[in-house]
Amino acid sequence: MAPLFAGHTVFAWSEVLNTAELPARRDVGAVRLRTIATKDRPCADFPLKAGEEYDPAVVLDLDYWILLPQ
């Protein structure tokens, strides 16, 4: 992934990959997200890969779960 320095503009988008119920909890649910961030490149075309490697503009590829109230 590309380095990021002062003066670069960061663009990002997130996508929902999955959802899950928590059997022991009725007040929250789990959502799996993936966030991609780029430097100096708007995300309108969703840049991520250039062949087998990351696109040169990608600075972050984060896959994580969050809990949300139902």
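**Exercise 1. In this predicted model, work out how exposed arginine 41 is and which salt bridges its side chain makes.**

Solution. Start with the surface. Arginine 41 has a relative accessible area of 24%. The buried class stops under 20% and the exposed class begins over 50%, so arginine 41 comes out as partly exposed.

Next, look for partners. One is aspartate 45, whose side chain meets arginine 41 at 2.6 Å, N to O. Aspartate 45 is partly exposed too, at 48%. Another is aspartate 55, again at 2.6 Å from N to O. Aspartate 55 sits in the loop between strand S4 (53-54) and S5, while arginine 41 belongs to the loop between S2 and S3, so this bridge ties together parts that are 14 residues apart in sequence. With 12% relative accessibility, aspartate 55 is buried.

Put the pieces together: Arg41, Asp45 and Asp55 form a network of salt bridges.

**Exercise 2. Find where the salt bridge between aspartate 61 and arginine 34 sits in the chain, and sort both residues by burial.**

Solution. First, the distance: the closest N and O atoms are 2.7 Å apart. Then the location: aspartate 61 is in strand S5 (residues 58-69) and arginine 34 is in strand S2, so the bridge links distant parts of the chain, 27 residues apart.

Now the burial. Aspartate 61, at 19%, falls under the 20% cut-off and is buried. Arginine 34, at 21%, is partly exposed. For the overall tally, the whole structure has five salt bridges.

**Exercise 3. Pick out two non-glycine residues with positive phi and describe their setting.**

Solution. Recall the background: most residues other than glycine have a negative phi. Aspartate 40 goes the other way, with phi near 55°. So does phenylalanine 46, near 50°.

Check the setting. Aspartate 40 lies in the loop between strand S2 (28-39) and strand S3 (49-50), and phenylalanine 46 is in the loop between S2 and S3 as well. As for accessibility, aspartate 40 is partly exposed at 44%, whereas phenylalanine 46 reaches 52% and counts as exposed.

**Exercise 4. Decide whether the protein is a compact globule or more spread out.**

Solution. Begin with the elements: zero helices and five strands, running β-β-β-β-β from the N terminus. The radius of gyration is 15 Å, well over the 11 Å that the globule rule gives for 70 residues, so the protein is more spread out than a compact globule.

Add the box: along the principal axes, the C-alpha atoms fill roughly 45 × 30 × 20 Å. Finally, burial: 29% of the 70 residues are buried.

Notes. Residues numbered from 1 in each chain as written. Predicted model: local features only at pLDDT ≥ 70, side-chain atom pairs only at ≥ 80, totals over all residues. Heavy atoms only, no water. Helix = DSSP H or I, 4+ residues; strand = E, 2+ residues; numbered from the N terminus. Rg over C-alpha atoms; globule rule 2.2 N^0.38 Å. Buried < 20%, exposed > 50% of the residue type's maximum accessible area, 1.4 Å probe, protein only. Salt bridge = Lys/Arg side-chain N within 4 Å of Asp/Glu carboxyl O.
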